[in-house]
Amino acid sequence: MGLGLIATRALQRSSRIFRNPNGGSTYFLRTIVSTQELNNADAATAAVQPDLPKRDPVGGARIHFPNPDDAIEVFVDGYPVKIPKGMTVLQACEVAGVDIPRFCYHNRLSIAGNCRMCLVEVEKSPKPVASCAMPALPGMKIKTDTPIAKKAREGVMEFLLMNHPLDCPICDQGGECDLQDQSMAFGSDRGRFTEMKRSVVDKNLGPLVKTVMTRCIQCTRCVRFASEVAGVEDLGMLGRGSGEEIGTYVEKLMTSELSGNVIDICPVGALTSKPFAFKARNWELKGTESIDVTDAVGSNIRIDSRGPEVMRVVPRLNEDINEEWISDKTRFFYDGLKRQRLNDPMIRGADGRFKAVSWRDALAIVAEVMHQIKPEEIVGVAGKLSDAESMMALKDLLNKMGSNNIFCEGNGMLPNADLRSGYIMNTSISGLEKADAFLLVGTQPRVEAAMVNARIHKKVKATNAKVGYVGPAADFNYDHQHLGTDPQTLVEIAEGRHPFSSALKNAKNPVIIVGAGVFNREDKDAVFAAVDTIAKNNNVVRPDWNGLNVLLLNAAQAAALDLGLVPESDKCTDSAKFVYLMGADDVNLDNLPDDAFVVYQGHHGDRGVYRANVILPASAFTEKEGIYENTEGCAQITLPAVPTVGDARDDWKIIRALSEVAGVGLPYDSLGAIRSRIRTVAPNLLEVDERQPATFSTSLRPEVSQKVSSTPFTPAVENFYMTDAITRASKIMAQCSALLKK
């Protein structure tokens, strides 16, 4: 372009041409403006960059600057934003409050950059760039709303929809589908593709994940999740070009305990929930934020219900506990909530059969029998799924009857509840990511606490942290050294005679995790003494780091020990004449006298019912409000999502009514009053959603003269999918369990 033409165009932009309407001369008028503001250079700069309104990051995200000196400034649509060095363009846009469309990008997975939906325009770049894979540079000017960026996204969307079937009316993802939303927001109003669409054969990934692979857009999120988070190499990309498809390398099922999470991360309807298929639309469901109680992790969940029925369970974001993943047991156990439920109070007749009675009659019989039994022969057992309020009420009732023989399943008969640091995860679940060496003692985190195992896998994959394991042969999804099967190995490590001792000694932040299965060993005190010695010799416990942890198994264990549910005798059940089972199905009653009177209070007709004389129906955790403390000592609350079944009542209400009938009324009539009582015993349980660290370390434990035995450690969980009354009643868990045994 010549200089003369450029000058002419510049003149035309600042000039006006007037023609005489009578056909006369044409006047060329150029206006020259001179103002005080334009003569002032600072004022001119201010006029070019006006004060922009403050924007909030997408999703309320907070930015952490590891090193403030490394902060860089970029401009998103003219808006200046400071970000840490190393962030991508997409992350910078999110900080600036601009939501960039994406399919393949996920902030917890590696960057693939293969969907090209996140294209933006960057100044001085010859073509649009993929913002998820482009690192942000100082002074970079990013434009997200230009015609070029819009046209690029429209083109990408047209290619994605080219082979995508029009399944929306019959697709379970409908209503919560990224492809639907982004097609409406960024796509064209019509497609130009008139050829035959391709189709792909569906894959069988097991009883949990339903596949319709024709809908797949090859974003590879599921492949990266399986490899990087679940730690299994089950999924991969096969073929190339239009023949590309996701599948398993050989005909096999997806064997991970976290496989259900691919349902959440799949942006389309290719991977959906098989048990939930064609059951409900997401806009029909009522979501209730709650807590998972199938293990001691306390994963944050949302219970979606329709009317009186739980339809599905999905994860909630909690960076400190479960991030945004949940285990398959947490996600799919819900069908057990409507099977084998106890609806009415029942009494066993002389013929051995149960008959339904009123609450008044059932409580009257229980109260009458309680008064006929000596106080030392009354025993109470709290189950795995008991909340803190009900355990407090049961303890107070038995204390008023003169008995102190009460304990919780899984804690053993004489647990050491004096030092809180001796039974919680002192490092915290998220704190495991700071460790660089792990010693696992008698625990298999993959089946005992899948989300804790995911943290360990994440750390091992990122930094090659060393993992030593003492226990029976187990299947781990990360590199580890099997050091031995019995506690003698611990003695060798404590004395520095074992090769793994050097790995612990050289570690900056070593972690020891003891499984809760140790509580049931006869030599548990000696095992904990050996672990304390290892911790002392290897700087595991310091003022700035506490790497000595216990991994609990059940949701009730931590709160039970905080509340002091410890029996006076380890043989109390052998001489008991009255046993109150509050949801306790796995307690060993083989030595219980034949003439003992057993009351079972629970929500499922499980193992405890077979020995019961009276059954009192209780509400499940999805039907009540209750406090649960997880393995790291963080108290959380469940909220009622659905109404109770039949004539069932909350656990603490049943105990309160029984105390009234028995003439030893408890001094509380509401949740607020019972929590005031808890405050006097364990105030940390009322600090909801805040982890309360232990005050004293385990170094205060008294010395023990007991020697460790040569008895090998045994698995604490035999079947991952069936661990409590609800999961044992679940048909979905039964299918998974059958596949596990093959």
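This section describes the sheets, enclosed cavities, cysteines and two unusual backbone angles of a predicted model.

Two open sheets are considered here. One has 5 strands in the order β21-β20-β19-β22-β25, with parallel pairing. Its edge strands are β21 (481–484) and β25 (548–551), and each of these pairs on one side only. From one strand to the next, the twist averages 25°. Strands of a sheet pair through backbone hydrogen bonds, either parallel or antiparallel.

The pairings of this parallel sheet can be followed across its order. Strand β20 (residues 466–470) is joined to β21 by 3 bridges, and the two strands run parallel. Within that pair, Y469 stands opposite H482 of β21. Strand β19 (residues 437–441) pairs with β22 in the parallel sense over 5 bridges. There, L439 stands opposite I512 of β22. On to the edge, β22 and β25 are also parallel and share 4 bridges. V514 faces V550 of β25 across this pairing, standing opposite it.

Strand β22 deserves a separate look. It spans residues 510–515, and 6 of its 6 residues are buried. In a regular strand the side chains alternate between the two faces of the sheet. Both faces of β22 are covered. P510, I512 and V514 are buried on one side, and V511, I513 and G515 are buried on the other. Two of these residues recur in the pairings: I512 stands opposite L439, and V514 stands opposite V550.

The other open sheet also has 5 strands, in the order β4-β3-β7-β5-β6, but here the pairing is mixed. β4 (79–84) and β6 (129–130) stand at the edges with a single partner strand each, so one side of each is left without a neighbour in the sheet. Inside the order, strand β5 (residues 119–122) and strand β7 (residues 141–143) pair in the antiparallel sense over 2 bridges. The bridge partner of V122 is I142, in β7.

Enclosed space was examined next. Rolling a probe the size of a water molecule over the atoms shows where empty space is left. The count comes to 5 cavities of 30 Å³ or more. The largest cavity holds about 180 Å³ of space. Its lining comprises 20 residues, and L385, M582, G583, D585 and H603 lie nearest its centre. Two elements, β27 (597–602) and α20 (725–728), each supply at least two residues of this lining. The largest share comes from β27, with 3 residues. By class, the lining of the largest cavity has 8 charged, 7 polar and 5 nonpolar residues.

The second largest cavity has a volume of about 90 Å³. It is lined by 13 residues. Nearest its centre lie C216, C219, C222, C266 and L271. The class make-up of this lining is 11 nonpolar, 1 polar and 1 charged.

The cysteines were then checked for bonding. A disulfide is a covalent bond between the sulfur atoms of two cysteines. A search of the whole structure finds 0 disulfides. C93 is in no disulfide, and the nearest cysteine sulfur, that of C118, is 9.4 Å away. C93 has 0% relative accessibility and counts as buried. C572 gives a second case. The closest cysteine sulfur, in C408, lies 13 Å from the sulfur of C572, which is too far for a bond. C572 is buried as well, with a relative accessible area of 4%.

Two backbone angles complete the description. Q218 has phi near 55°, a positive value in a residue other than glycine. Q218 sits in the loop between β8 (209–211) and α7 (221–230). Its relative accessible area is 16%, under the 20% limit, so Q218 is buried. T220 has phi near 65°, again a positive value in a residue other than glycine. T220 is placed in the loop between β8 and α7. At 13% relative accessibility, T220 counts as buried.

Note on methods
Residues numbered from 1 in each chain as written. Predicted model: local features only at pLDDT ≥ 70, side-chain atom pairs only at ≥ 80, totals over all residues. Heavy atoms only, no water. 1 Å grid on protein atoms, 1.4 Å probe; cavity = no way out; pocket = protein on both sides within 12 Å on 5 of 7 lines; lining within 4 Å. Points joined across faces, edges and corners; volume = space filled by probe spheres on them. Nonpolar A, V, L, I, M, F, W, Y, C, P; charged D, E, K, R; others polar. Disulfide = S-S within 2.5 Å. Buried < 20%, exposed > 50% of the residue type's maximum accessible area, 1.4 Å probe, protein only. Pairing = 2+ DSSP bridges. Axes fitted to C-alpha atoms, helices over the stretch in contact; angles between N-to-C directions.
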